[in-house]
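Hi,

Here is the structure I promised to pass on. Have a look at it first, and my notes follow below.

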Amino acid sequence: MRRTSVPDRAPSRRRVLGGMAALAATTATGAAGTAGCAAPAAVGAGRTRLRFWHLYGGGDGVNMQTMLDAYRAAHPEVALQASTLQWGAPYYTKLGMAGAGGRAPEVAALHLARLPGFGPGRLLDPFDLDLLAEHGLTEKDFPADLWRRGRIDGAQYAVPLDTHPMVLYYNTDICEKAGLLEADGKLKPIRGAEEFTAALRAAGKVTGRPGLAVETLGAGTIGPWRLFSTLYSQTGGTLLDERATRITIDDGKALTVLRFMRRLTEEGLAHRRLDYNGTVGVFGGGETAFLLNGEWEVSTFANLDLPFSMTRVPNLFGRPTAQADSHCFVLPHQRDRGGESDEAAHAFVAWMLKNTVEWAKGGHVPAYLPTLEKPGYLELEPQSEYRSVIDDVVLDPPAWFAGSASSMWIELGAVLSGVLTGSRTPQDALDESRARLQALLDTPNPLGGDA
């Protein structure tokens with residue numbers, strides 16, 4: 001990518017590839033999402049077969065491949081067969097079908113917020129915590145909230161690999177000219193909505209353009225949902241009750257956030273009409289001072305001649321929280337799980353987590369807490385600058401329709417997009433969001449989970 005344009009490329013792996021229609025379509029065909037999977041290699045005599053399915057592409061795919069190559073070199077006795085499947089609904093459909101048939105791989109990747117609707121106990125098998133402990137992993141090695149989200153009905157079905165929150169990127173040259181940097185070159189603290197809008201105005205005076213880029217439109221738009229989720233969580237508001245059976249939106253808090261989102265574009269503080277790739281192009285081209293997005297674009301900007309850094313989303317509404325999800329390891333259901341392959345799966349998870357400095361290069365904050373203190377991680381800049389957010393991430397409510405690539409992201413993203421572009425009023429967006437959330441609550445889980 002050049003500084004003045006966005007290249008022709010496949011959409012970001014986080015571009016949602018479809019909602020319920022895509023899920024239904026892939027279920028009907030049965031084979032969707034298998035293109036590009038690595039063909040299983042033959043298992044040599046005396047070697048333990050270990051199959052790993054994941055959905056990591058782009059920079060994440062490169063970093064994961066580096067980790068897998070290192071694992072193979074350190075474990076010649078294990079025949080690791082890693083397959084990369086299509087991101088989004090196709091991946092989850094194929095993984096669910098494999099688990100339902102009991103013919104799944106030994107270990108797989110999952111987004112943690114999707115766990116409740118993925119049939120724990122039916123499509124997934126629980127981890128053996130004693131076996132994990134033998135390989136040096138225990139609950140105390142992880143943030144309490146992320147570990148707890150992996151536990152259902154007293155069993156541990158997911159072990160977190162990372163968290164990937166919304167963060168604030170900033171152009172250091174523009175911010176310096178706008179008087180927004182400390183003496184050490186870091187962004188001055190921003191406290192509250194008014195200080196944030198003041199910073200955007202100051203940056204806009206330098207560039208002559210809106211100070212902020214954030215996704216506002218496009219097919220499968222999810223950026224507006226992630227922005228709303230971040231800011232609404234800062235007010236202490238919730239969407240659903242703890243069992244994800246009832247809507248609990250606080251209208252006053254929600255409208256405060258929606259009116260602020262509308263103000264950003266209405267007052268020219270943020271670009272009004274940008275799709276995902278447009279935000280990357282505008283910020284990567286040095287045309288705007290700030291970008292609100294997931295931390296995974298750090299590799300994109302690091303490969304450009306761009307002066308930038310990253311920090312946590314400022315605390316605008318009372319709490320320093322940020323919307324996030326978490327990649328995690330799971331054990332897809334096997335009829336005969338156990339033996340050497342199962343032990344190898346537990347050992348594999350432990351090894352990967354203990355070697356997550358490589359994974360952090362892609363921007364994700366490692367969930368294995370000892371990594372956050374390793375010199376190799378602390379030397380990563382700007383990746384280590386926002387590591388403290390690990391204690392303040394907010395995942396979606398535990399509903400089958402929530403989490404990355406989910407129906408909720410698509411449904412609410414489409415509604416909230418209108419607030420930013422001006423086609424919906426905040427009140428209309430709130431009413432429509434309630435209606436769509438209720439429709440999702442009323443819809444049975446297509447994977448047959450209890451949530």
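Let me start with a spot that may catch your eye: the second largest cavity holds about 60 Å³ of space. Keep in mind throughout that this is a predicted model. The walls of that cavity are made by Phe228, Leu239, Ile249, Leu258, Leu412, Leu416, Leu430, Ser433 and Leu437. By class, that lining comes out as eight nonpolar residues, one polar and no charged. Two helices, α15 and α16 (426-441), put in at least two residues each, and α16 has the largest share, with three. Over the whole structure, the search turns up five cavities of 30 Å³ or more.

Then there is the open space. The largest pocket comes to about 1400 Å³. It has 48 lining residues, and those closest to the centre of the pocket are Arg149, Glu242, Asp396, Pro397 and Pro398. Which elements give two or more residues to this lining? They are α5 (144-149), β5 (151-152), α8 (223-234), β15 and α16. So far as α16 goes, then, you will meet that helix both here and in the lining of the second largest cavity. The make-up of the pocket lining is 23 nonpolar, 11 polar and 14 charged residues, against no charged residues in the lining of the second largest cavity.

Now the chain as a whole. There are 451 residues in the protein chain, and 58% of them count as buried. I get 16 helices and 15 strands. Among contacts in the chain with a separation of 6 or more, 77% are between residues 24 or more positions apart.

On confidence, the mean pLDDT of the chain is 89, with 89% of the residues at 70 or more. The stretch to watch is residues 1-42, where pLDDT is below 50; even so, this stretch has 75 contacts in the model beyond near neighbours in sequence. Where pLDDT is low, the predicted coordinates are not to be read in detail, so I'd go easy on anything drawn from those contacts.

One helix deserves its own paragraph. Is α10 (residues 276-284) enclosed or open to the outside? Eight of its nine residues are buried, so the rest of the structure largely encloses this helix. The buried ones are Tyr276, Gly278, Thr279, Val280, Gly281, Val282, Phe283 and Gly284. What do they pack against? The partners are β8 (162-171), β9 (212-213), β10 (290-294), α11 (298-302) and β11 (308-312). After α10 comes Gly286, with a positive phi near 70°.

A few single residues, in case you want places to zoom in:

- Gln156 sits in strand β6 (residues 155-156). With a relative accessible area of 1%, under the 20% cut-off, Gln156 is buried. Setting aside neighbours within four places in sequence, Gln156 is in contact with Pro126, Phe127, Leu129, Trp147, Gly150 and Arg151. Pro120 is 36 residues away from Gln156 along the chain, with 9.4 Å between the two C-alpha atoms.
- Ser406 lies in the loop between β15 (393-394) and α15 (407-421). Despite being in a loop, Ser406 is buried, at 2% relative accessible area. Apart from neighbours within four places in sequence, Ser406 is in contact with Arg114 and Phe401.
- Pro444 belongs to the segment after α16. At 64% relative accessibility, Pro444 is exposed, whereas Ser406 is buried. Phe401 turns up again here: its C-alpha atom is 9.6 Å from that of Pro444, with the two positions 43 residues apart along the chain.

Last, the cysteines. How many disulfides does the structure hold? Zero. Cys175 is buried, with a relative accessible area of 0%, and Cys328 is buried too, at 1%.

Shout if anything looks odd when you load it.

Cheers

Notes. Residues numbered from 1 in each chain as written. Predicted model: local features only at pLDDT ≥ 70, side-chain atom pairs only at ≥ 80, totals over all residues. Heavy atoms only, no water. Disulfide = S-S within 2.5 Å. Buried < 20%, exposed > 50% of the residue type's maximum accessible area, 1.4 Å probe, protein only. Helix = DSSP H or I, 4+ residues; strand = E, 2+ residues; numbered from the N terminus. Contact = heavy atoms within 4.5 Å. 1 Å grid on protein atoms, 1.4 Å probe; cavity = no way out; pocket = protein on both sides within 12 Å on 5 of 7 lines; lining within 4 Å. Points joined across faces, edges and corners; volume = space filled by probe spheres on them. Nonpolar A, V, L, I, M, F, W, Y, C, P; charged D, E, K, R; others polar. pLDDT = per-residue confidence, 0-100.
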